[in-house]
Amino acid sequence: MPLVAASRLSRPSAVLSLLITGLLTASRLGAQGPPAPSYPLAPSPVLDMRSFPATPALSGYLSERTTRRNDSTGFLLNRARITVQAGPRSFLGIKLQGDFSGAQTGRLRSDSTVSGFTLTDAYVELVPPPDAAPAGSLLALLRPALVVGQFKMPFSLEYVTPFGLLKTANRSQVVDRITPKRDIGAMSQISFSRYATLAAAAVNGEGANATANPDAHQLVLSRLVITPTRCLEVAGKIANESADHVWGYDTRLLWRGLTLEGESIYRKRPVSATTALDAGGGYALIGYRILPWLEPVYKYDRYWDTRTTVRGTTTTIASSSSTWNVFGVNLSSAQQSIRLQLDWQRRSERPTPGRTDEYIAQVIANF
C-alpha cells in the first residue's frame, strides 16, 4: 500500500492512544440507531430486495489509516465511498457507488490539489415481482436474480465481503494480486432453499471502468456456495477467459463470537507473448469477539508467483513468495459505526526484501 505522506514521529504511541480514546468515547455515547451491520456468512453482490428502500437511500464509509514501516510513518485516506440504492419497483433495484478518496485516480486538473472520482458500482438488479413468486412456489424457493452493469464479481469470499467489515486492515495477497474483482457485464444467481447458492457471470475481463474489450473475449465465472448449517459455508469457484484460468475454494464459520475462515485461489495465464504466470496462495483467519467491542484476530497469509519465459531455445523461470503473519485487534462502537483496527504484519518475502514489519492503525466510519 503506498504511503501518501511520510514523517518521523517521536511518539507514535500518542497517536494510537488518541484514536483508542476517541473510539471508546464514541462507543459509550452511541445512541440506539439502525441494526449494526453484521459480518456476512455468504456475501454476494446480489441485493436483498426484501428490505430494499423504495426511495433513494444514502450510505457509505470513510477509511483513514496510519502505517509505520521501519522508522517512517505514513498517512492515507484509502477509502471514501458513497452509495445510493433504490428500489423504485418491487422487482427492480439500482445501486450506484463511487470512491472520492482519489487513491487510484488522477487530479481534476494538472494544477489541482483535488483528486478525481472513481465509479466502483453501477448496476441494476431484476428479481421476480412478489405476485409472481408466492410463498412455497418454485420461484420463491430459487429466488432468481439478474444483475447487469458494473459490479463485484462473485468469486473471492474476502473480496465480496464489504471492506468496512473485514477483520484485518488489508485483504490477503492472493486476492489483491490475482483475483477477478470488479468488471462490466451480467450476472445471475439462484438459490436452492437455504442450503446452496449458485452464481454465474459473463464480463469483459478488462476490469472496472474499462471502455473497451480489445481482445473480444469474455471472462466467464461461477461460484457455488453450500451452507449445510446456518453458521457454515463452503464454496468452490472457477473462471476462464481463453488461456486465462482461475479457480479456488473457501469456507467461513461464524459461531457465537468465533470466526474461522480460509480461502485458496490459483491462476494460470499468459502475461506476454513469451511469459506465462503460474501463481496462487490463500489465507487462514481466526477471530474471537471477547466483548461486544473487542475482537482479537490472527491471519496467516501466503502468496507465491512463478513466471516462465521462453525465448527460442532458452527457458527462464523466476519465482517469488511472500508469507504474512498478521496479529490484530478490532475495536468497535455500539452500532459498528466506528471501527478501529490495529494490525501488526510480520512479513517474510523472497527473494527480497526479506523480513519486514509493518504496523497499521485504521479507522473506518460507516454510515
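Student: What share of the 367 residues in the chain is buried?
Tutor: In this predicted model, buried residues account for 41% of the chain's 367 residues.

Student: And how much area does the chain expose?
Tutor: The chain exposes about 18600 Å², and 61% of that area comes from carbon and sulfur atoms.

Student: How many helices and strands are there?
Tutor: There are four helices and 17 strands in the chain.

Student: Which residues have the most contacts inside the largest nonpolar core?
Tutor: Phe151 and Ile265 do, within a core of 26 residues.

Student: Which elements each supply at least two residues of this core?
Tutor: Helix H4 (173-178) does, and so do four strands: S6 (145-152), S8 (196-203), S9 (219-229) and S13 (275-288).

Student: New topic: where is Arg171 found?
Tutor: Arg171 sits in the loop between helix H3 (157-160) and H4.

Student: Is Arg171 buried or exposed?
Tutor: Arg171 counts as buried because its relative accessible area is 8%, and the cut-off for buried is under 20%.

Student: What does the side chain of Arg171 reach at 3.3 Å?
Tutor: That side chain reaches the backbone oxygen of Tyr159. In addition, a polar atom of the Arg171 side chain lies 3.2 Å from the backbone oxygen of Thr161.

Student: Which residues does Arg171 touch, not counting residues up to four places away in sequence?
Tutor: Among them are Arg79, Lys152, Glu158, Phe163, Asp176, Lys299 and Asp301.

Student: How many residues apart along the chain are Arg171 and Asp301?
Tutor: They are 130 residues apart along the chain, while 9.4 Å separates their C-alpha atoms.

Definitions and conventions:
Residues numbered from 1 in each chain as written. Predicted model: local features only at pLDDT ≥ 70, side-chain atom pairs only at ≥ 80, totals over all residues. Heavy atoms only, no water. Buried < 20%, exposed > 50% of the residue type's maximum accessible area, 1.4 Å probe, protein only. Areas by Shrake-Rupley, 256 points an atom, 1.4 Å probe, with all protein chains shown as cover. Core = buried A, V, L, I, M, F, W, Y, C linked by side-chain atoms within 4.5 Å. Contact = heavy atoms within 4.5 Å. Polar contact = N/O pair within 3.5 Å; in protein donor to acceptor, adjacent residues only side chain to side chain.
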